[in-house]
Amino acid sequence: VLRATAPKYRTIPGLIRKYFIGSVETGRAGGAYEWETLAQAEAYHNDSWKRAIVETYGDDLRVEFFNQAAVADNDAGKIVYGDGEVDATDYRKSA
């Protein structure tokens with residue numbers, strides 16, 4: 001199912017990335033989405049989307065929106081703060 005579902009997320013306007021997540025202990029699954037704007041996130045996660053998720057996966061649906069205070073991006077070698085400040089210090093050299 002994942003390999004059939006994941007490609008559709010490449011065409012959603014405003015979606016930067018989606019993490020497909022699951023608990024090893026409970027088997028509970030979900031997703032963490034990163035959006036360009038809160039408005040785009042809210043538009044996508046509308047009542048129609050919620051109904052489809054509940055019909056497909058059950059009624060234990062929780063949707064929460066969080067502000068992103070910072071991203072520690074080791075792949076890109078930088079930390080990006082919510083205000084746009086970037087710290088590109090290579091902390092691995094000082095460890």
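This is a chat about the charged pairs and aromatic rings in a predicted model.

Visitor: Let's start with charges. How many salt bridges are there in the structure?
Guide: There are 2 salt bridges. Side chains of opposite charge can pair when their charged atoms come close.

Visitor: OK, which residue does Arg 17 meet in a salt bridge?
Guide: Arg 17 pairs with Glu 34, at 2.7 Å from N to O. Arg 17 sits in strand 1 (residues 15-22) and Glu 34 in strand 2 (residues 29-35), so this salt bridge ties together parts 17 residues apart in sequence.

Visitor: And is Glu 34 buried or exposed?
Guide: Glu 34 counts as buried, because its relative accessibility is 18% and the cut-off for buried is under 20%. Its partner Arg 17 is partly exposed, at 39%.

Visitor: What about Arg 28, which residue does that one bridge to?
Guide: Arg 28 goes with Asp 60, and their closest N and O atoms are 2.3 Å apart.

Visitor: Where do those two lie?
Guide: Both are in loops: Arg 28 between strand 1 and strand 2, and Asp 60 between helix 3 (47-57) and strand 3 (70-73). The pair therefore ties together parts that are 32 residues apart in sequence. Asp 60 is exposed, with a relative accessible area of 52%, while Arg 28 is partly exposed at 34%.

Visitor: Switching to rings. How many aromatic pairs does the count come to?
Guide: The count is 6 aromatic pairs. One of them is Tyr 9 with Phe 20: the ring centres are 5.6 Å apart and the planes stand at 80°, so that pair is edge-to-face.

Visitor: Where do Tyr 9 and Phe 20 sit in the chain?
Guide: Tyr 9 is in the loop between helix 1 (2-5) and strand 1, and Phe 20 is in strand 1, so to speak a link between distant parts of the chain, 11 residues apart. Tyr 9 is buried at 11% relative accessibility, and Phe 20 is partly exposed at 37%.

Visitor: And how are the rings of Tyr 33 and Tyr 44 arranged?
Guide: Their centres are 6.3 Å apart and their planes at 50°, so the pair is tilted. Tyr 33 lies in strand 2 and Tyr 44 in helix 2 (residues 38-44), so parts 11 residues apart in sequence are tied together. Tyr 44 is buried, with 19% relative accessible area, and Tyr 33 is partly exposed, with 23%.

Visitor: Last one: which residues do ring pairs link into a cluster?
Guide: Tyr 9, Phe 20, Tyr 33, Trp 35, Tyr 44 and Trp 49 are linked that way.

Key. Residues are numbered from 1 along each chain as its sequence is written. This is a predicted model: local features need pLDDT of at least 70, side-chain atom pairs count only at pLDDT 80 or more; totals for chains, interfaces and linings use all residues. Side-chain values use heavy atoms; hydrogens and water are left out. A salt bridge is a side-chain nitrogen of Lys or Arg within 4 Å of a carboxyl oxygen of Asp or Glu. Helices (H or I, at least four residues) and strands (E, at least two) are DSSP runs, numbered from the N terminus. Buried means under 20% relative accessible area, exposed over 50%, partly exposed in between (1.4 Å probe, protein chains only). Rings of Phe, Tyr and Trp (its six-membered ring) pair if their centres lie within 6.5 Å; planes under 30 degrees apart count as stacked, over 60 as edge-to-face and the rest as tilted.
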